[in-house]
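Trainee: I've got the model open and I'd like to go through the labels one at a time. Can you show me the sequence and structure first?

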Amino acid sequence: MSTRVLLIDDDTRMYELLAQYLGQNGVSVTHAPDGGRGLAALEASAYDAVLLDVMMPGMDGLEVCKRIRAKSRIPVVMLTAKGDETDRVVGLELGADDYLPKPFSPRELLARLRAVLRRSQPSAVADRLEAGGLSIDVAGREVRAEGKLVDLTGLEFDLLVALVRRAGRVIPRDALLGEAGRSDTVVGERTVDVHISHLRQKLGDIGTRLIKTVRGVGYVFAKEGL
């Protein structure tokens with residue numbers, strides 16, 4: 001059974017190119033030329049992932065991503081002609097799973113799509129982490145702090161799991177994405193800092209107390225939390 005992907009992009013030539021290449025690699029692509037029709041398509045049918053352009057007339061991709069995340073955890077890869085790191089930060093903060101600046105090769109897009117789909121699949125073996133008042137259901141991608149559900153983006157969740165699994169070990173900023181299984185995500189060190197800051201805020205006192213900054217190096221989850 002092929003993977004079903006919804007492409008929300010006003011560029012018809014982009015759709016034709018991706019539909020042909022991805023179709024040859026087991027991925028069926030449906031096209032929605034604007035945000036409104038993209039959201040309607042998601043309501044009407046089931047897809048495995050969304051490819052979402054940022055720069056569209058009317059409702060832009062950032063607003064579409066926000067609305068998708070209000071209802072669904074479907075993997076979202078954002079596409080844009082903007083390569084500025086600030087735009088990548090905003091897209092990931094809104095819950096996008098990856099971010100690919102244009103121009104890109106269909107082969108690279110396919111690799112990234114497969115990566116986000118792998119991350120979205122529950123693991124075969126139940127995996128639960130308990131640390132310092134946190135309960136992390138890795139397979140279900142759910143985090144609770146003192147019993148209260150915490151709404152994390154996909155990247156925030158992966159960073160937290162990486163830190164907890166390596167509690168007591170300092171992870172350099174430039175290595176943290178790789179430790180989180182996100183080596184294919186195109187962001188800089190400042191972006192990692194922003195996401196760690198948001199992660200701490202969402203976890204409240206637990207995050208402030210247990211996620212430590214090692215100045216000039218990276219981050220560590222305190223062993224006292226275990």
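Mentor: Helices here are DSSP runs of H or I with at least four residues, strands are runs of E with at least two, and both are numbered from the N terminus. With those labels, Pro103 falls in the loop between β5 and α5. Keep in mind that this is a predicted model.

Trainee: What is special about the peptide bond that joins Lys102 and Pro103?

Mentor: That bond is cis, with omega at about -5°.

Trainee: And which loop holds Arg141?

Mentor: Arg141 sits in the loop between β7 (134–137) and β8 (142–145). Its phi is near 55°, a positive value in a residue other than glycine.

Trainee: Let's do sheets. In what order do the five strands of the open sheet come?

Mentor: The order is β2-β1-β3-β4-β5, with parallel pairing. Averaged over neighbours and ignoring direction, the strands are turned by 20° against each other.

Trainee: What makes β2 and β5 edge strands?

Mentor: β2 (27–32) and β5 (98–101) each pair on one side only. Two strands count as paired if DSSP finds at least two bridges between them. β5 gets its parallel partner through four bridges to β4 (residues 76–80), and there Met78 stands opposite Tyr99.

Trainee: Which strands of that sheet does α1 touch?

Mentor: α1 packs against β1 (3–8), β2 and β3 (49–53), and its direction makes about 165° with that of β2. Helix α2 (residues 35–44) also packs on the sheet, touching β1, β2 and β3, at about 155° to the direction of β1.

Trainee: How do you describe two packed helices in general?

Mentor: You give the angle between their axes and the distance between the axes. For α1 (residues 12–23) and α5 (residues 106–120), the axes come within 10 Å and cross at roughly 65°. That crossing is right-handed.

Trainee: Which residues make the contact between α1 and α5?

Mentor: Leu17, Leu18, Tyr21 and Leu22 come from α1, while α5 brings Pro106, Arg107, Leu109 and Leu110. Sorted by class, the contact has seven nonpolar residues, no polar ones and one charged.

Trainee: Next, the three-stranded sheet. Why is one side of β10 and of β11 left without a neighbour?

Mentor: β10 (171–172) and β11 (211–214) stand at the edges and have a single partner strand each, so one side of each has no neighbour in the sheet. The order is β10-β12-β11, and the pairing is antiparallel.

Trainee: How do you know that β10 pairs with β12 (residues 218–221)?

Mentor: Pairing takes at least two bridges, and β10 and β12 are joined by two, so the pair meets the cut-off. In β12, Tyr219 is the bridge partner of Ile171, and Gly218 is that of Pro172. β11 and β12 are joined by four bridges, with Ile211 partnered by Phe221.

Trainee: What do β11 and β12 form together?

Mentor: They form a hairpin with three residues between the strands, and Gly216 in the turn has a positive phi of about 80°. Helix α6 (residues 154–165) lies across β10, β11 and β12, running at about 65° to β12.

Trainee: Last one: what makes Arg4 count as lying over the face of Tyr47?

Mentor: For Arg, CZ has to be within 6 Å of the ring centre and within 35 degrees of the ring normal. Arg4 is at 4.6 Å from the centre of the Tyr47 ring, so the distance passes, and Arg4 is listed as lying over the face.

Trainee: And how many aromatic pairs are there?

Mentor: The count comes to zero, with ring centres required to lie within 6.5 Å.

Notes. Residues numbered from 1 in each chain as written. Predicted model: local features only at pLDDT ≥ 70, side-chain atom pairs only at ≥ 80, totals over all residues. Heavy atoms only, no water. Axes fitted to C-alpha atoms, helices over the stretch in contact; angles between N-to-C directions. Left-handed = near helix turned anticlockwise from the far one by under 90°. Contact = heavy atoms within 4.5 Å. Nonpolar A, V, L, I, M, F, W, Y, C, P; charged D, E, K, R; others polar. Phe/Tyr/Trp six-rings, centres within 6.5 Å; stacked < 30°, edge-to-face > 60°.
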